[in-house]
Amino acid sequence: MNKLNVNPTRMELTKLKKRLSVATRGYKLLKDKQDELIRRFIILIKYNNDLRKKVENKLSDSFKDFVISRGILGNEFLDEAMIYSSNKVRLDIGAKNIMSVNVPVLKFDDVSNYSDRIQYGFFNTNSELDSAIINLRSIFSELLELAEVEKSSQLMADEIEKTRRRVNALEYRTIPDLKETIKYIRMKLDENERGALTRLMKVKDIINDR
């Protein structure tokens, strides 16, 4: 704790009491915000982990089908077939506010129009390639959601850290310093009052002796 460099006056004492009241209220609000951010962050992280496992499993299955298809068809034929699979995708990017944190909202426009269509011809291709393409397209939205959730988690983690630093600064620095200074001023004012009373009594004794 460090005493603030102020004059030990009643006016200064009143100002410091107001500052302490504001700092205490601010600390409580920030602490509540920090606790709620952490609660939501934990929920988001759990969901992120589950979604990531789900997406990784689907991608793994799709890649396995690609490997099998490439082994059967050959690189040149497979690359030629992929040329015809060229849908355009529009990405809508928005934002929403979570506890004063602006997190992204990502969405494909009209995913249903292309998620289940295959653009290349079926002649001379195989079911593994069809399955790989359809599976990949079916997880577009989940991949986008995973990106949204992971970015949101990162932004919330940053906000938690900022809030934690502000909470700690109030709890361990600002509030203790204000309390210490208020205590010091009260002691000085009491000391001055006792000194003034002592002088007054001495003056009274001198007058009475006369």
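A contact here means heavy atoms within 4.5 Å. With that in hand, let's tour this predicted model.

**View 1. The whole chain, with four helices and two strands.** Follow the protein chain along its sequence and you meet the pattern α-α-β-β-α-α. Of the contacts between residues at least 6 apart in sequence, 79% join residues at least 24 apart. Buried residues account for 30% of the 210 residues in the chain. The accessible surface comes to about 14,300 Å², and carbon and sulfur atoms contribute 54% of that area.

**View 2. The antiparallel pair of β1 and β2.** Here strand β1, residues 91-98, runs alongside strand β2, residues 101-108, and eight bridges link the two in the antiparallel sense. For a handy landmark, look for Gly94 in β1, which stands opposite Val105 in β2.

**View 3. The turn of the hairpin between β1 and β2.** Two residues separate the strands of this hairpin. Take a moment for Met99 in the turn, whose phi is positive, at about 55°.

**View 4. A nonpolar surface patch made of Leu197, Leu200 and Met201.** Together these residues offer about 320 Å² of accessible area. Met201 belongs to helix α4, which covers residues 140-209. Is Met201 exposed or partly exposed? Its relative accessibility is 49%, so Met201 counts as partly exposed; the exposed class begins over 50%.

Key: Residues are numbered from 1 along each chain as its sequence is written. This is a predicted model: local features need pLDDT of at least 70, side-chain atom pairs count only at pLDDT 80 or more; totals for chains, interfaces and linings use all residues. Side-chain values use heavy atoms; hydrogens and water are left out. Two strands pair if DSSP finds at least two bridges between them. Patches are made of residues with over 30% relative accessible area and no salt bridge: like charges are joined within 9 Å, nonpolar side chains (Val, Leu, Ile, Met, Phe, Trp, Tyr) within 5 Å. Accessible areas come from the Shrake-Rupley method with a 1.4 Å probe; for residues, only the protein chains shown count as cover. A salt bridge is a side-chain nitrogen of Lys or Arg within 4 Å of a carboxyl oxygen of Asp or Glu. Buried means under 20% relative accessible area, exposed over 50%, partly exposed in between (1.4 Å probe, protein chains only).
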